[in-house]
There are 2 protein chains.
Amino acid sequence: MKHQGFTLWLTGMSGAGKSTVSDMLMDRFRAAGAKVELLDGDVVRTNLSQGLGFSREDRDTNVRRIGFVAELLSRNGVIAVVAAISPYRATREEVKAKIASFVEVFVDCPLEVLAARDVKGLYKKALAGEVGNFTGISDPYEAPLNPDVVVRSDRETVEVSVDRVWQELIHRGLITA
Amino acid sequence: MKHQGFTLWLTGMSGAGKSTVSDMLMDRFRAAGAKVELLDGDVVRTNLSQGLGFSREDRDTNVRRIGFVAELLSRNGVIAVVAAISPYRATREEVKAKIASFVEVFVDCPLEVLAARDVKGLYKKALAGEVGNFTGISDPYEAPLNPDVVVRSDRETVEVSVDRVWQELIHRGLITA
C-alpha cells in the first residue's frame with residue numbers, strides 16, 4: 001500500500017468504541033505494510049502526560065501534546081492514529097489547524113447505550129457522583145460539528161465502521177486501496 | 001542521501017555548544033534531503049513538558065518524553081536529533097536501551113570555559129547562588145562513560161565537530177556519504 005503521512009483522529013466519549021475501531025484500523029494498516037503509530041489515551045498518559053489530571057486545562061495540555069507528536073509523525077510520512085476522548089472542540093480545532101492532513105472521526109454512541117454497556121463500571125460511578133470530571137456526565141463532551149467520518153458503534157459493526165473510515169482515506173487520496 | 005532512522009543524542013552542560021552543533025547538523029541533514037527532526041530543549045519544554053521544573057525527577061521525566069518521541073521517529077525511518085542537557089547517566093542509558101539505533105554525542109567543555117563564556121549570564125548567577133538546580137554547579141552533570149563521539153567546543157571549530165559526528169554516522173552505516 002502506498003500512503004501519505006496523515007493524522008487520523010478518533011474522538012468520542014469513554015466506551016464509545018475508539019479503541020476497538022483504532023485497533024482494527026491498526027491491524028489493517030500493518031497488514032498493508034504501512035508506517036503507522038497508535039497514540040491512544042493509555043500510551044500517551046504513560047509516556048507524555050503522567051501527572052496530568054482531568055481538569056479542562058490538563059485535558060487540553062494532553063490533547064496538544066498528542067497533536068504535537070502526531071504532527072511530527074505525519075509530516076514525516078507516518079500515519080498517526082489517535083484515539084483520545086479529546087472532549088473540547090476548540091482544542092481539537094487548534095490541533096487540526098497545525099496538521100497538514102487531518103481526518104477527524106467522531107465515534108458516536110448515545111449516553112444511554114454507554115451507561116448500559118459500562119464496560120469499565122465508570123458510568124455507574126459517575127452517575128452516582130463518585131467520579132468527578134467525567135466526560136459526558138460531570139464534564140462536557142463537545143461533539144464535532146463537521147467530522148469527516150461519523151461512526152455509530154450502537155448501529156453498525158466495527159468492520160463496517162473501519163471500512164467506512166478506509167473508504168474515506170482512499171477518497172481523499174491518503175492511501176491507495 | 002540514503003539514511004536509516006536513528007537518534008542522535010547530544011548531551012552536555014548549558015552553553016557547551018549542543019545547539020550550535022545540532023543546528024549545523026540539521027542544516028547538513030536537510031541539505032542532503034534527509035527526513036530529520038530536531039528535539040531541542042526549548043521545543044520540548046514548550047510542547048511536551050510545560051510545567052516541569054528542574055528537580056531530578058522532572059528532568060528525568062523530560063528526558064524520558066524526549067526519548068519516547070525520538071524512538072517513535074527513529075523506528076519510522078526519521079533521524080531524531082536531540083539536544084538536551086540530560087544530566088543523569090542512568091536516565092540516558094534507560095532511553096538508549098529503548099532505541100534501536102542510538103548515537104550518543106558528548107558535547108564537552110570545561111566549566112571554567114563555560115563560566116567565562118557565559119552567553120546567557122546563567123553561570124554568573126548560578127555561581128553566586130542566585131539560580132538553583134543549575135547543572136554543573138548546584139546540580140550534577142554525569143558525563144557519559146563511553147560516548148560514541150566527544151565534541152570539545154573549546155578546542156575545535158563547530159565545522160570540525162560536525163564533520164566528526166558525520167563520519168561516525170557513515171562509519172556505522174546509518175547514512176551514506
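Buried area is the accessible area that two parts lose on being put together, summed over both. In this predicted model, the area buried between chain A and chain B comes to about 1600 Å², with carbon and sulfur atoms giving 58% of that value. The contact joins 18 residues of chain A to 18 residues of chain B.

Polar links also cross this interface. Ten residue pairs are in polar contact, both partners being at pLDDT 80 or more, and two salt bridges are found. A salt bridge joins the side chains of B:Glu37 and A:Arg75, at 2.5 Å from N to O. On the side of chain A that touches chain B, two or more residues each come from β2 (36-40), α2 and α3 of chain A. Helix α3(A) gives the largest share, five residues. By residue class, this side of chain A holds nine nonpolar, five polar and four charged residues.

Turning to the pockets, the largest has a volume of about 1000 Å³. It is lined by 38 residues, and B:Ser14, B:Gly15, B:Lys18, B:Ile85 and B:Lys120 are the closest to its centre. Helix α1(B) supplies the largest share of this lining, four residues. The lining comprises 15 nonpolar, 14 polar and nine charged residues.

The second largest pocket has a volume of about 860 Å³. Its lining counts 31 residues, with A:Ser14, A:Gly15, A:Lys18, A:Ile85 and A:Lys120 nearest the centre. Elements of chain A that give two or more residues to this lining are α1 (18-31), α2 (41-47), α3 (56-74), α5 (111-117) and α6 (122-127). Here the residues divide into twelve nonpolar, eleven polar and eight charged.

Note on methods
Residues numbered from 1 in each chain as written. Chains lettered and ligands numbered in written order. Predicted model: local features only at pLDDT ≥ 70, side-chain atom pairs only at ≥ 80, totals over all residues. Heavy atoms only, no water. 1 Å grid on protein atoms, 1.4 Å probe; cavity = no way out; pocket = protein on both sides within 12 Å on 5 of 7 lines; lining within 4 Å. Points joined across faces, edges and corners; volume = space filled by probe spheres on them. Nonpolar A, V, L, I, M, F, W, Y, C, P; charged D, E, K, R; others polar. Contact = heavy atoms within 4.5 Å. Buried area = accessible area lost by both parts, 1.4 Å probe. Salt bridge = Lys/Arg side-chain N within 4 Å of Asp/Glu carboxyl O. Polar contact = N/O pair within 3.5 Å; in protein donor to acceptor, adjacent residues only side chain to side chain.
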